[in-house]
Each structure stands twice: as structure tokens, then as C-alpha cells.
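Let's take a friendly look at how some rings and side chains are placed here. Have the sequence and the 3D view open as you read.

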Amino acid sequence: MLNPSKFTKILVSFLIVFLISSCSMMKDRDRWTDRGAIDTKLIIDYLLADMPLPDGSDILEEKTVIQGSGQGWSGKMTFISPLSPAETMIFFYENVATSGWDLISSTISEQIILVYKRGYRIATVEILRDYPMFGKETTAIISVVPDDAIASNPFNQYKLRQDSD
């Protein structure tokens, strides 16, 4: 039978090994979290490489969705701009056109909405007027769809049905 002194030493040794191994597991968990953020940024950079963002913008992963693949992909990216709503709008007016996007529509009210077209894609930039209590950060959303996704009017079927009565 083990004497109490040996038993205590073995128990303390197991406890130390357990604590050290759990600390190393926590580092791995952070590494996986960082990897997810890096992968999301890589995907967004690839798909929106031609849509500039203000320097210092932070992409909100949990509010970013990308669907499809190839030329038929669509998605929504939410980010925080370090600029005010007006400065963010001016940034897009000055920088997006030089990247090959044509402004096809804009609305300035409670929200600022800019609609751009480039090739087979349409991008909508929504700039929200959050008015944060401190600082001048602005939430913005960029949504991209293939231009043929909105080519037909889904309400035409109702007009046809009404004409046939």
C-alpha cells in the first residue's frame, strides 16, 4: 500500500501535468479562432479585391455571409469604418470608381445607399448613421449579387394573371 507521502507526491504530479496541458490547449484554441478570422479575411479579400475599404476598417465576421461560388457568388459583408458616415460616403465616391465600378444609383437619407455595377456584379453599399456616443465609427454593409439575379421582375406574374381575368 502507498504511504500518504508518496500518494500526495503522485497526486501533485498529476495535477501539475493536468494544469500545464490544459494551458497549452487554451493556446491552441486561440490559434483556431485566429485561423478562422484570417480565413474569413482571405475569402473576402479574394471576392472583393476590387472594392476598396477605408484604412483601419474592421470586418464583422459574425455578420458576414458568402454564398455560391465562381462568378455566381453573392454575399454580404458588414464592417466598421473608422470614418464618420459622411467621410465614409466620400471615401466610396472617390475610391470605388477608380477600381472600375460605375455608380448607378445613390440615396442619401437616414441611410446612405450607393449602388455600383462592375462587369457581371452589382454591389450595394449601405452606410448606416449610427451616431456612436464616442468617436465617429460608422457601420457599413456591402452586398454583392450577380447582375442576372435581379434581371426579371417577380411581380409580372401578378399583372399577367390580372389581365387574363
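## Aromatic pairs

How many aromatic pairs does the structure hold? This is a predicted model, and it holds 2 of them.

One pair joins F79 and F92, whose ring centres are 6.4 Å apart. Their planes make an angle of 50 degrees, and the pair counts as tilted. F79 belongs to strand β3 (residues 74–81), while F92 is part of helix α2 (residues 85–95), so this pair ties together parts that are 13 residues apart in sequence.

The other pair is F91 with F92, and this one is edge-to-face. Here the centres are 5.5 Å apart, with 90 degrees between the planes.

## One cluster

Put the pairs together and you have one aromatic cluster, formed by F79, F91 and F92. Are its members buried or exposed? F79 and F92 are buried, and F91 is buried as well.

## A charge over a ring

Now turn to Y120 and R121. The charged end of R121 sits over the ring of Y120, at 5.7 Å from the ring's centre.

## S74 and its contacts

Back in strand β3, you will find S74. Why does S74 count as buried? Its relative accessible area is 18%, and buried means under 20%.

Which residues does S74 touch, leaving out those up to four places away in sequence? Its contacts are V65, I66 and Q67, together with V144, V145 and P146.

Technical notes: Residues are numbered from 1 along each chain as its sequence is written. This is a predicted model: local features need pLDDT of at least 70, side-chain atom pairs count only at pLDDT 80 or more; totals for chains, interfaces and linings use all residues. Side-chain values use heavy atoms; hydrogens and water are left out. Rings of Phe, Tyr and Trp (its six-membered ring) pair if their centres lie within 6.5 Å; planes under 30 degrees apart count as stacked, over 60 as edge-to-face and the rest as tilted. Helices (H or I, at least four residues) and strands (E, at least two) are DSSP runs, numbered from the N terminus. Buried means under 20% relative accessible area, exposed over 50%, partly exposed in between (1.4 Å probe, protein chains only). A charge sits over a ring if NZ of Lys or CZ of Arg is within 6 Å of the ring centre and within 35 degrees of the ring normal. Contact means heavy atoms within 4.5 Å.
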